[in-house]
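Colleague: I should be grateful for a close look at a single part of this protein, beginning with its charged side chains. Please then go on from there to the surroundings, in one connected account.

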Amino acid sequence: MRAILGDLEAGGIVSVRGADRRDAYQLGRAADAISIAQVLEALRGRSMPAGRESPPDPSVRALVAELERGIEKALDERTLADLTGAVPPADAAR
């Protein structure tokens, strides 16, 4: 867990608070200023997943590239604040 928090801190997603710098974490900036893409980048880095190959057929390659651009755009446009509106409150399930 500390390694994950360290990655998020390095990416500016969270910041450490507390006397011994281990007591508490909070968002590094406003939730509406943190895109989902930024969180994923902090956790995974910018590299492409290992073992991924480009399809041999040019038309399939173009389609895959278009889909990936769409996913990237969607992740860039959605923030942590957007997600909190989609999650029901914890006591709603009771």
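Modeller: Lys-73 and Glu-77 both belong to helix H3, which covers residues 58-77, and they stand four residues apart, about one turn of the helix. An α-helix has 3.6 residues a turn, so residues three or four places apart point the same way. In this model, which is predicted, the two side chains form a salt bridge, with 2.7 Å between the closest N and O atoms. A search of the whole structure finds one salt bridge. Glu-77 counts as partly exposed because its relative accessibility is 48%, which lies between the 20% and 50% limits.

At the other end of H3, Asp-57 lies in the loop between H2 and H3. A polar atom of the Asp-57 side chain is 3.1 Å from the backbone nitrogen of Val-60. With a relative accessibility of 35%, Asp-57 is partly exposed.

The chain after H3 leads to Thr-79, which is placed in the loop between H3 and helix H4 (80-86). Is Thr-79 buried or exposed? Thr-79 is buried, since its relative accessible area is 13% and the limit for a buried residue is 20%. Its side chain reaches the backbone nitrogen of Ala-81 at 3.3 Å. Setting aside neighbours within four places in sequence, Thr-79 is in contact with Ala-31, Asp-32, Ile-34, Ser-35 and Ile-36.

Leu-80 continues the picture. With neighbours within four places in sequence left out, Leu-80 is in contact with Leu-27, Ala-31, Ile-34, Ile-36 and Val-39. Leu-80 is also a member of the largest nonpolar core, whose eight residues are Leu-8, Ile-13, Val-14, Ile-34, Ile-36, Val-39, Ala-42 and Leu-80. Helix H2 (residues 36-44) gives the most to this core, namely three residues. The buried residues of H2 are Ile-36, Ala-37, Val-39 and Ala-42. After H2 comes Gly-45, which has a positive phi, near 85°.

Val-14, another member of that core, leads to the two strands. Val-14 is among the contacts of Tyr-25, which also include Arg-2, Leu-5, Ser-15 and Val-16 when neighbours within four places in sequence are left aside. Tyr-25 is found in strand S2 (residues 24-27), and its relative accessibility of 29% makes it partly exposed. Tyr-25 and Glu-9 are 16 residues apart in sequence, with a C-alpha to C-alpha distance of 8.9 Å.

Ser-15 is placed in strand S1 (residues 14-17). Ser-15 is buried, as its relative accessible area is 15%. Not counting residues up to four places away in sequence, Ser-15 touches Ala-24, Tyr-25, Gln-26, Leu-27 and Gly-28. Val-16 likewise lies in strand S1 and is buried, with a relative accessible area of 7%. The C-alpha atoms of Val-16 and Gln-26 are separated by 6.6 Å, although these residues are ten residues apart along the chain.

A further group of nonpolar side chains is found on the surface. Met-1, Ile-4 and Leu-43 form a nonpolar patch there, with about 330 Å² of accessible area together. Met-1 lies in the segment before helix H1 (2-10), and it counts as exposed, having a relative accessibility of 73%.

As regards the whole protein, there are four helices and two strands. From the N terminus on, these elements run α-β-β-α-α-α. Buried residues make up 16% of the 94 residues. The exposed area is about 7200 Å², of which carbon and sulfur atoms supply 57%. Of the contacts with a separation of 6 or more, 46% are between residues 24 or more positions apart. One pair of this kind in the region described above is Leu-80 and Ile-34.

How values were computed. Residues are numbered from 1 along each chain as its sequence is written. This is a predicted model: local features need pLDDT of at least 70, side-chain atom pairs count only at pLDDT 80 or more; totals for chains, interfaces and linings use all residues. Side-chain values use heavy atoms; hydrogens and water are left out. A salt bridge is a side-chain nitrogen of Lys or Arg within 4 Å of a carboxyl oxygen of Asp or Glu. Buried means under 20% relative accessible area, exposed over 50%, partly exposed in between (1.4 Å probe, protein chains only). A nonpolar core is a set of buried Ala, Val, Leu, Ile, Met, Phe, Trp, Tyr and Cys residues joined through side-chain atoms within 4.5 Å. Contact means heavy atoms within 4.5 Å. A polar contact is a pair of N or O atoms within 3.5 Å; within protein, one must be able to donate a hydrogen and the other to accept it, and residues adjacent in sequence count only if both atoms are side-chain atoms. Patches are made of residues with over 30% relative accessible area and no salt bridge: like charges are joined within 9 Å, nonpolar side chains (Val, Leu, Ile, Met, Phe, Trp, Tyr) within 5 Å. Accessible areas come from the Shrake-Rupley method with a 1.4 Å probe; for residues, only the protein chains shown count as cover.
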